[in-house]
Amino acid sequence: MNILGIETSCDETSAALLVDGAVRSNVVSSQRCHGDFGGVVPELASREHERLIVSIVDTALKEANIQKSELDVIAATAGPGLIGAVMVGLCFGEGLAWALGRPFVPVNHVEAHIFSPFIGTGAAPEGDFVSLTVSGGHTLLSVVHQDLSYEVVGRTIDDAAGEAFDKTGKMLGLGYPAGPVIDRLSREGDPAFHRFPRALTASSRTSRSYRDNFDFSFSGLKTSVRTWLDRHDRAYVEHHMADIAASVQDAIVGVLVEKSIAAALRFRVGAVAIAGGVSANSGLRAAMGDACRKQGLELFIPDAAYSTDNAAMIATMAALMISRGRVPANAYDAPPFARFIPAGSAALK
Ligand code: KG4
Ligand code: ZN
């Protein structure tokens, strides 16, 4: 089966060809027009997707050596994301499917991230697992069952983990997106240089017990970095930039690892899978690896190319949905959505 996947939910325009479960092409164009603004400007993102979508899809088809007439299914992200950006890929995909007389599959972007560690492997692991999906827009802890349904057990109550990297990085003058820069700087810094807050965790400095709380909060970290910066002069900050980066990363990663492991133990699963842009973080990969080894848990990590937004995960999710009979009968008019809607099952709370 030849599946064309399309992804335009944020600032990556991407198209991919999945042929019988194997990724034949995955073309990703990352927009460079947002750097000066310290974040993605929604209208600029939509216009850039519109400018690129035809050529990106053509390149993906060419690289896979597949003609449009050979496509069996067209899939695109239907949300969540920036609504104008989502609409470009969604409408393009629906239009192409309709013109070719092929089925169209609308895909939930977060669900596609959840299953991204298994792209190209043909299957999810045997047994239930805990998924930590961490990107610029989402921070979600879910228990994923063998039938690929899932329950959301925790989520951020304010900023996403990627936002925590990007916004603290912006304060430090590291540009956008700051996540990869903080990651790089952290390798030369001392994570114990300053202890930034770890909200809603057992190690946070409050008397409340957060043992069974799987939600996240990163807004206090932002305030803490702001306050720390206000108290130190620029030369000192510049001199210790790697140390601050390592300390910020340690605070974010510490919370992500602590909650993922606690959820795996609490819900008695044998594996943890991480996904989303932040799963590219080398500190998170290492710390989660150590923690999983200690607890005898298996760890699944997506290929670096599939951590950040990409269309291979959209085509793969469409294939999973088809295999589970979860495809709407006539999806040519699937509505775009901005917020996360758990499609696989109900949220636990
Ligand atoms: O999944 P993604 O490409 O887009 C969204 O759906 O949001 O994730 C982008 C996010 C950004 O916040 C970026 O700073 C972060 O992932 N990111 C990283 C790293 N690479 C990307 N954060 C920390 N370390 C990295 N190596
Ligand atoms: Zn994403």
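P177 sits in the loop between helix 4 and helix 5, where helices (H or I, at least four residues) and strands (E, at least two) are DSSP runs numbered from the N terminus. A cis peptide bond, with omega of about -10 degrees, joins Y176 to P177. The model is a predicted one, so local features were taken only at pLDDT of at least 70 and side-chain atom pairs only at pLDDT 80 or more, while totals for chains, interfaces and linings use all residues. Residues are numbered from 1 along each chain as its sequence is written, chains are lettered from A and ligands numbered from 1 in the order in which they are written, and side-chain values use heavy atoms, with hydrogens and water left out.

Another cis peptide bond joins G79 and P80, with omega of about -5 degrees. P80 belongs to the loop between strand 4 and helix 2 (83–100). Backbone oddities also turn up as positive phi values. Most residues other than glycine have a negative phi, and most peptide bonds are trans. N65, not a glycine, has a positive phi of about 60 degrees and lies in the loop between helix 1 (42–64) and strand 4. R268 likewise has a positive phi, near 50 degrees, and is placed in the loop between helix 8 (241–266) and strand 9 (271–275). For accessibility, buried means under 20% relative accessible area, exposed over 50%, and partly exposed in between (1.4 Å probe, protein chains only). N65 counts as exposed because its relative accessibility is 63%, and R268 counts as exposed at 76%.

Turning to the strands, two of them pair if DSSP finds at least two bridges between them. Strand 2 (residues 12–19) has eight of its eight residues buried, so it is largely enclosed by the rest of the structure. Both of its faces are covered, with E12, S14, A16 and L18 buried on one side and T13, A15, L17 and V19 buried on the other. On one flank, strand 1 (residues 2–7) runs antiparallel to strand 2 and is joined to it by six bridges, with I6 opposite A15. The link from strand 1 to strand 2 is a hairpin of four residues. Strand 3 (residues 22–30) also runs antiparallel to strand 2, through eight bridges, and its S25 is the bridge partner of L17. Two residues separate strand 2 from strand 3 in their hairpin, and D20 in that turn has a positive phi of about 50 degrees.

Strand 1 also pairs with strand 4, this time in the parallel sense and over four bridges; here L4 stands opposite I74. Strand 4 (residues 73–79) is largely enclosed by the rest of the structure, because seven of its seven residues are buried. Five bridges connect strand 4 to strand 5 (residues 104–108), and the two run parallel. A75 has V105 of strand 5 as its bridge partner.

Now for the metal. Donors are N, O and S atoms within 2.8 Å of the metal (3.2 Å for Na, K and Ca); water is not among the atoms, so sites may look incomplete. For the zinc ion (ligand 2), the protein donors are H109 (NE2), H113 (NE2) and D309 (OD), at 2.0 to 2.2 Å. Their spacing in sequence is H-x3-H-x195-D. H109 in helix 3 (residues 109–114) and D309 in the loop between strand 10 (298–300) and helix 10 (312–323) are 200 residues apart, so this pair links distant parts of the chain. H109 counts as buried at 3% relative accessibility, and D309 is buried at 11%. The four donor atoms around the zinc ion (ligand 2) subtend angles of 92 to 150 degrees, which makes the arrangement irregular. Four donors count as tetrahedral if all angles lie between 85 and 135 degrees; four count as square planar and six as octahedral if opposite donors are over 155 degrees apart and all others between 65 and 115, and anything else is irregular.

Around ligand 1 there are 18 residues, of which G136, D166, D183, N281 and D309 come nearest; a residue is near a molecule or strand if one of its heavy atoms lies within 4 Å of it. Polar contacts are pairs of N or O atoms within 3.5 Å; within protein, one must be able to donate a hydrogen and the other to accept it, and residues adjacent in sequence count only if both atoms are side-chain atoms. A nitrogen atom of ligand 1 lies 2.9 Å from an N or O atom in the side chain of D183, and an oxygen atom of ligand 1 is 3.0 Å from a polar backbone atom of D309.
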